[in-house]
Amino acid sequence: MTEEAARKPARVVVADDQTVVREGIVMLLGLLPGVEVVGAAGDGEEAVRLVAELAPDVVLMDLRMPRCDGVEATLRIRSEHPGTQVVVLTTYADDESLFPALRAGARGYLTKDAGGDEIVRAVHSVLSGDAGLSPSVQRRLLERLSAPEPEPAAPAVVPDGLTTREVEVLVLIAEGLSNQEIARRLSVSTATVKTHINNMFSKTGLKDRAQAVRYAYGKGLVRPPAG
C-alpha cells in the first residue's frame, strides 16, 4: 500500500445476516480510525451487489448466510471485482469453514471474538498484500501444513465418460449433500454445481438424485456404511 493509500481510511462493506451483529460491527468500526464503512449487506447476494456498486477496498464477510453464503459470495467478488479484498468475520473456525473460504479467495479470516483493533489491522494487512489471520487461525493452518500427507487413493475407474469433477459431485450427492453444501465443499458456485449435475445426468441417462445415489453405489463410487 502506498503512503497516500495508508493515509486514507479503508472503505469497507460489512456482510452479516444477523441485524444486531451487523449493526454492532458497523457501530464499532465507526468509532475506530483507519476504516470507513460504506455499506452493509444482509446476505452474500447483497454483498456482491454492493461491491459492484460501491467498489469498496474490503468486505468483512460472514459465512453462514441465506440466498448466497459467504464462500460463494467471496468467490464471485474475487472473480468479478479483484480490486476488492475479503476478510471473513465469522463464528466458525473449523476446517469445513476455514479452508473453503481461503480457497475461494479470502485474504483474511477472523472469528467474531476479535476486537475492533484486530479487525482494523486485518483490513489494512490484506490491503498491503499480507494475510489478515487471527492467531487461532494461523495455528490451525500450521497444524494442517505440518500434518503428514495422506496416502493417495487408488484411482477409480470413471464410468460413462464423467469428468473427475462430475464424479466428485456425484459422490457428494450420494452422501446426502445439497447443492449449496456441495458448492461450499468444492469452493464453487451453486450454478456451477447445477451445471455439473446436468452434464452428469445427460451422460448417464439419470433423471433425479435418487437414481444418482443408486448409480453411485452400483458403480462402486460410494461404499455402503459398515454394519
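**Figure 1. Arg-67, out in the open in a predicted model.** With a relative accessible area of 61%, Arg-67 counts as exposed, because the bar for that label is over 50%. The residue sits in the loop between strand 3 and helix 4 (70-80). Its backbone is worth a look too: phi of Arg-67 is near 65°, a positive value in a residue other than glycine. Most residues other than glycine have a negative phi. As with every view here, the coordinates come from a predicted model.

**Figure 2. Ala-55, another residue with a positive phi.** Here the loop runs between helix 3 and strand 3 (58-61), and Ala-55 is part of it. Phi of Ala-55 is near 50°, and again the residue is not a glycine. For a glycine with a positive phi, look just after helix 5, where Gly-105 follows with a phi near 120°.

**Figure 3. Val-48 on helix 3.** Helix 3 covers residues 44-54, and Val-48 is one of them. Val-48 has a relative accessible area of 5%, so it falls under the 20% limit and counts as buried. What does Val-48 touch, once residues up to four places away in sequence are set aside? The list is Ala-73, Arg-76, Ile-77, Glu-80 and His-81. For a sense of spacing, take Val-59: Val-48 is 11 residues from it in sequence and 9.5 Å from it in space, C-alpha to C-alpha.

**Figure 4. Val-12 and its neighbours.** Val-12 belongs to strand 1 (residues 10-15). A relative accessible area of 0% makes this valine buried. Beyond the residues within four places in sequence, its contacts include Leu-29, Pro-56, Val-58, Leu-60 and Val-123. A run from Val-35 through Glu-36, Val-37 and Val-38 to Gly-39 is also in contact with Val-12. Of these, Glu-36 lies 24 residues away in sequence, yet the C-alpha to C-alpha distance is 5.9 Å. Zooming out to the whole protein, 63% of the contacts between residues at least 6 apart in sequence join residues at least 24 apart.

**Figure 5. The sheet from edge to edge.** The protein has 11 helices and six strands. Six strands make up an open sheet, ordered 2-1-3-4-5-6, and the pairing is parallel. Strand 2 (35-41) and strand 6 are the edge strands, each pairing on one side only. Strand 2 pairs with strand 1 over six bridges, in the parallel sense. Look for Ala-15 in this pair: it stands opposite Ala-41 in strand 2. Strands of a sheet pair through backbone hydrogen bonds, either parallel or antiparallel.

**Figure 6. Strand 5 and the strands beside it.** Which way do the side chains of strand 5 (residues 108-111) point? Gly-108 and Leu-110 go one way, Tyr-109 and Thr-111 go the other, and all are buried. On one side, strand 5 pairs in parallel with strand 4 (residues 85-90) over four bridges, and Val-87 has Gly-108 as its bridge partner. There is also a parallel pairing with strand 6 (residues 132-133), over two bridges. In that pairing, Tyr-109 stands opposite Leu-133.

**Figure 7. Two crossovers, two hands.** Strand 4, helix 5 (residues 95-104) and strand 5 form a right-handed β-α-β unit. From strand 5 the chain carries on through helix 6 (residues 116-127) to strand 6, and this β-α-β crossover is left-handed. On helix 5, the buried residues are Ser-97, Leu-98, Phe-99, Pro-100, Ala-101 and Ala-104. Across the protein's 227 residues, 44% count as buried.

**Figure 8. The cavity.** How many cavities of 30 Å³ or more turn up? The count comes to one. About 30 Å³ of space lies in the largest cavity. Its lining is made up of Leu-63, Arg-64, Val-71, Glu-96, Ser-97 and Arg-184. Sorted by class, that gives two nonpolar, one polar and three charged residues. Ser-97 is also among the buried residues of helix 5. Rolling a probe the size of a water molecule over the atoms shows where empty space is left.

Methods
Residues numbered from 1 in each chain as written. Predicted model: local features only at pLDDT ≥ 70, side-chain atom pairs only at ≥ 80, totals over all residues. Heavy atoms only, no water. 1 Å grid on protein atoms, 1.4 Å probe; cavity = no way out; pocket = protein on both sides within 12 Å on 5 of 7 lines; lining within 4 Å. Points joined across faces, edges and corners; volume = space filled by probe spheres on them. Nonpolar A, V, L, I, M, F, W, Y, C, P; charged D, E, K, R; others polar. Buried < 20%, exposed > 50% of the residue type's maximum accessible area, 1.4 Å probe, protein only. Pairing = 2+ DSSP bridges. Right-handed = clockwise from strand over helix to strand, strands pointing away. Contact = heavy atoms within 4.5 Å.
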